[in-house]
Amino acid sequence: MEAKLSSLAKTLTPSSIQQLSYLAQRCNAVNLAEGFPDFPAPPHIKDAAVSAIRADFNQYSHVQGTCDYVARKMKEMHGMNVDPLTDIVICCGQSEAFAATMFSIIDQGDEVILFDPSYETYDACIRLAGGIPVYVGLDPPQWTLDSDKLEKSFTEKTKALVLNSPHNPTGKVFNKDELEIIAGACQRRDVVAVTDEVYEHITFDNQNHISLASLPGMQSRTVITSSLSKTFSVTGWRIGWAVAPTCIASAVRNIHIRMTDCAPAPFQEAALAALRSPPAYFERLRRDYESKRDCIFNLLAKVGFKMQFKPQGSFFVFAQLPESCPLSDAEFVEELIKQAGVVAVPGAGFFHSKPSADYASSRYIRFAFCKSEDTLAAASVKISRLVDASGNLKLF
Ligand SMILES: Cc1ncc(COP(=O)(O)O)c(C=O)c1O
């Protein structure tokens, strides 16, 4: 039956991250690979979900209150006025919001600009919608945006640009200057911006997340996608949203209804409790993640990784293998599982364009630190056991 598969389906392979997780399970390794928390969700939102199930919120539903709270958050965080009745669509996570957005705006052959490295699912979504991904490499070690490179990537066919900030896998938070460059280019070239802001509440060192949509002239050409997944440690609840100009929001809603009908009803109810969490909840989240970042960053620096960029947001560290390490990223990860009992992700899967001469895309390893204190302590002990007399990892 393989012949019956679409040509696009034939190009999609199982996620390498998932495959590594299976190997890690077999080796009983500590999992710093996948980007989901291994600690409990906040009790106040679990209680709300349980109450919703007990109250029989079991049927297809649209909980308008969730849109009202998302609109309120847009005002609080970014000073943006968003109509909750027309401009917000609740979807099954950011993933569905992003896919439905691509189906809403992309025609066959349209080009979509993305920054490289990038989160792996955008590429397939764009191609499923008939679009052509065009990558603009961010420059290491600080993952800076080169405005000339960006400018040159636009063509007559460019329809949209995707921006993920705070960024997976590097932990970069795009600053105001960079956002102004991107906004200027989108406006000059009449391009739609699609943002992925799932890590909007996870930023460090007093750095604030700025939404591209909040820059002058951008709200009318930007689709914001985000979700509860990372902010409330509930990646399996599948509650996300798109905030968009009315006509795009209406198209996203029409596609969402035909693909999934609605997001899970009890969790839409629980989203009300999540989105009205007090400021202290978000402050605590930030503080906790900042201390987890410091713990894993310092550990990796101590055992010999080249740590030239400290994450400013998200919950990933993108660590560089030192020149002395003879292994590629994939070989390193396999040895780390077998010898230390810790699993991380080879960086090469996040790169799509040819890297410039001064760095190699196969020299990075992504570590996720959205893990409990116990998990991080266990990883630290296991990694520390693998150091040689000079204090460096034996694999180096
Ligand atoms: C950058 C980024 N966007 C989106 C997602 C998925 O979000 P959701 O669970 O809301 O679909 C992830 C999950 O790892 C991610 O890292």
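Biologist: Which helix gives the most residues to the shell around the ligand?
Modeller: This is a predicted model. By class, the shell around the ligand has 2 nonpolar, 10 polar and 1 charged residues. The element that gives the most to this shell, with 3 residues, is helix H5, residues 93–105.

Biologist: Of the 13 residues around the ligand, which come nearest?
Modeller: The shell around the ligand holds 10 polar residues, beside 2 nonpolar and 1 charged. Of the 13 residues there, those that come nearest are Gly 93, Gln 94, Ser 95, Ser 227 and Ser 229.

Biologist: In what order do the 7 strands of the open sheet stand?
Modeller: The pairing within this sheet is mixed, and the twist averages 20° from one strand to the next. S2 and strand S4 (132–137) are the edge strands, each pairing on one side only. The order is S2-S8-S7-S6-S5-S3-S4.

Biologist: In which sense do S2 and strand S8 pair, parallel or antiparallel?
Modeller: Strands of a sheet pair through backbone hydrogen bonds, and either sense can occur. Here Ile 90 stands opposite Trp 241 in S8, and Cys 91 has Gly 240 as its bridge partner in S8. Over 4 bridges, S2 and S8 (residues 240–243) pair in a sense that is antiparallel.

Biologist: Which residues of strand S2 are buried on its two faces?
Modeller: In a regular strand the side chains alternate between the two faces of the sheet. Strand S2 spans residues 88–91, and both of its faces are covered. The buried residues are Ile 88 and Ile 90 on one side, and on the other Val 89 and Cys 91.

Biologist: Which strands does helix H9 touch where it packs on the sheet?
Modeller: Helix H9 comprises residues 246–259, and its direction makes about 25° with that of S2. S2 is one of the edge strands. The strands touched by H9 are S2, strand S7 (222–227) and S8.

Biologist: What angle does the direction of helix H6 make with that of S4?
Modeller: Helix H6, residues 121–128, packs on the sheet and touches strand S3 (111–116), S4 and strand S5 (158–164). S4 is an edge strand that pairs on one side only. The angle between the directions of H6 and S4 is about 150°.

Biologist: Why does Thr 121 count as partly exposed?
Modeller: Thr 121 lies in helix H6. Its C-alpha atom is separated by 9.6 Å from that of Phe 98, 23 residues apart along the chain. A residue is exposed with 12 or fewer other C-beta atoms within 10 Å and buried with 20 or more. Thr 121 is partly exposed because its number of C-beta neighbours inside 10 Å is 14.

Biologist: Is Ala 9 buried or exposed?
Modeller: Ala 9 has its place in helix H1, residues 7–11. Ala 9 and Ala 124 are 115 residues apart in sequence, and their C-alpha atoms are 9.6 Å apart in space. With 10 C-beta neighbours inside 10 Å, Ala 9 counts as exposed.

Biologist: At roughly what angle do the axes of helix H3 and helix H10 cross?
Modeller: The axes of H3 (residues 43–54) and H10 (residues 265–275) come within 8 Å, and the crossing is right-handed. The contact includes Ala 48 and Ala 52 of H3, and Phe 267 and Leu 272 of H10; by class it has 11 nonpolar, 1 polar and 1 charged residues. The axes cross at roughly 145°.

Biologist: Where is the cis peptide bond with omega near 5°?
Modeller: Most peptide bonds are trans. A cis peptide bond with omega about -10° joins Ser 165 and Pro 166, and Pro 166 is found in the loop between S5 and helix H8 (176–188). Pro 141 is in the loop between S4 and helix H7 (147–153). The cis bond with omega near 5° runs from Pro 140 to Pro 141.

Biologist: Is Ser 314 buried or exposed?
Modeller: Ser 314 has a positive phi near 65° and is not a glycine. This serine lies in the loop between helix H11 (279–302) and strand S9 (316–320). With 30 other C-beta atoms within 10 Å, Ser 314 is buried.

Notes. Residues are numbered from 1 along each chain as its sequence is written. This is a predicted model: local features need pLDDT of at least 70, side-chain atom pairs count only at pLDDT 80 or more; totals for chains, interfaces and linings use all residues. Two strands pair if DSSP finds at least two bridges between them. A residue is near a molecule or strand if its C-beta atom, placed from the backbone, lies within 6 Å of it. Ala, Val, Leu, Ile, Met, Phe, Trp, Tyr, Cys and Pro count as nonpolar, Asp, Glu, Lys and Arg as charged, and the others, Gly among them, as polar. Axes are lines fitted to C-alpha atoms, for helices over the stretch in contact, and angles run from 0 to 180 degrees between N-to-C directions. A crossing is left-handed if the near helix is turned anticlockwise from the far one by less than a right angle, and right-handed if clockwise. Two residues are in contact if their C-beta atoms, placed from the backbone, lie within 7 Å.
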